[in-house]
Amino acid sequence: MTITWNDSVPIYRQLQQRVVAMILDGALNEGDPLPSVRQVAADYQINPLTVSKAYQELVDEQLVEKRRGLGMFVIEGAREALLKSERERFLREEWPVLFARLQRLGLDLKTLLREAHADKDPTNKEEQS
């Protein structure tokens with residue numbers, strides 16, 4: 001398992017964000033165990049303390065829980081809480097920038113939806129050539 005780390009963001013934060021993405025994508029469901037600290041450290045060739053710090057962030061955010069002697073598990077309601085907070089963050093931080101760019105480019109919702117559907121259409125002649 002290889003991964004490329006972004007030098008501008010601490011590794012523990014990137015690892016924490018990766019677990020959050022796995023929860024949002026459904027790769028980790030409520031009640032599922034997280035891989036052990038040792039396993040993640042070995043797989044990604046990083047310090048176990050870095051993995052522990054990432055996992056502690058998830059505990060602090062009330063997304064996972066420690067079960068003594070068993071490991072870390074995704075708590076009930078984690079995905080819904082993440083969806084809510086990620087949607088709020090998107091609307092607050094990302095959408096205004098994206099909306100401004102769409103306006104500068106003269107793109108409207110109708111055009112975007114048409115293009116999105118065209119990309120998914122298997123009969124689209126541009127994709128076949």
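1. Helices and strands are named here as DSSP runs, a helix having at least four residues and a strand at least two, with numbering from the N terminus. On that basis, residues 9-77 are 52% helix and 12% strand, and the C-alpha atoms at the two ends of this stretch are 27 Å apart. The model is a predicted one.

2. The stretch 9-77 is also the one to which UniProt, in an unreviewed entry, assigns the feature "domain: HTH gntR-type". That annotation may be inferred rather than shown by experiment.

3. On the interior: the largest nonpolar core holds 25 residues, and Leu15, Leu34, Tyr55 and Leu58 have the most contacts inside it. Two or more residues each come from helix 1 (11-25), helix 2 (37-44), helix 3 (48-60), strand 2 (71-74) and helix 4. Helix 1 gives the largest share, 6 residues. In soluble globular proteins, nonpolar side chains tend to be buried together.

4. Leu15 deserves a look of its own. Apart from neighbours within four places in sequence, Leu15 is in contact with Trp5, Val40, Tyr44, Ile46, Val51 and Ala54.

5. Helix 4 spans residues 78-105 and includes Trp95. Together with Leu91, Leu98 and Phe99, Trp95 makes a nonpolar surface patch of about 370 Å². Trp95 has a relative accessible area of 33% and is therefore classed as partly exposed, not buried, since buried means under 20%.

6. On charge pairs: the whole structure contains 7 salt bridges. Side chains of opposite charge can pair when their charged atoms come close. One of the bridges joins the side chains of Arg67 and Glu65, with an N to O distance of 2.9 Å. Both partners are partly exposed, Arg67 at a relative accessible area of 32% and Glu65 at 31%.

7. In helix 4, Glu88 and Lys84 form a salt bridge at 3.6 Å, N to O. These two residues are about one helical turn apart because 4 residues separate them along helix 4. Their exposure is classed differently: Glu88 is partly exposed, with a relative accessible area of 41%, while Lys84 is exposed, at 54%.

8. A second pair to check in this helix is Glu86 with Arg89, whose closest N and O atoms are 3.1 Å apart in a salt bridge. Glu86 and Arg89 sit 3 residues apart in helix 4, about one turn of the helix. Glu86 is partly exposed, with a relative accessible area of 28%, and Arg89 is likewise partly exposed, at 26%. The pair belongs to a network of salt bridges that links Glu86, Arg89, Arg92, Glu93 and Glu94.

9. Two backbone angles should be noted. Most residues other than glycine have a negative phi, and most peptide bonds are trans. Gln45, which is not a glycine, has a positive phi of about 55°. Gln45 is placed in the loop between helix 2 and helix 3. With a relative accessible area of 73%, Gln45 is exposed.

10. The other residue is Gln62, again not a glycine, with a positive phi near 60°. Gln62 lies in the loop that runs between helix 3 and strand 1 (64-67). The relative accessible area of Gln62 is 59%, so Gln62 counts as exposed, the class for values over 50%.

Note on methods:
Residues numbered from 1 in each chain as written. Predicted model: local features only at pLDDT ≥ 70, side-chain atom pairs only at ≥ 80, totals over all residues. Heavy atoms only, no water. Patch = residues over 30% accessible without salt bridge, like charges linked within 9 Å, V, L, I, M, F, W, Y side chains within 5 Å. Areas by Shrake-Rupley, 256 points an atom, 1.4 Å probe, with all protein chains shown as cover. Salt bridge = Lys/Arg side-chain N within 4 Å of Asp/Glu carboxyl O. Buried < 20%, exposed > 50% of the residue type's maximum accessible area, 1.4 Å probe, protein only. Core = buried A, V, L, I, M, F, W, Y, C linked by side-chain atoms within 4.5 Å. Contact = heavy atoms within 4.5 Å.
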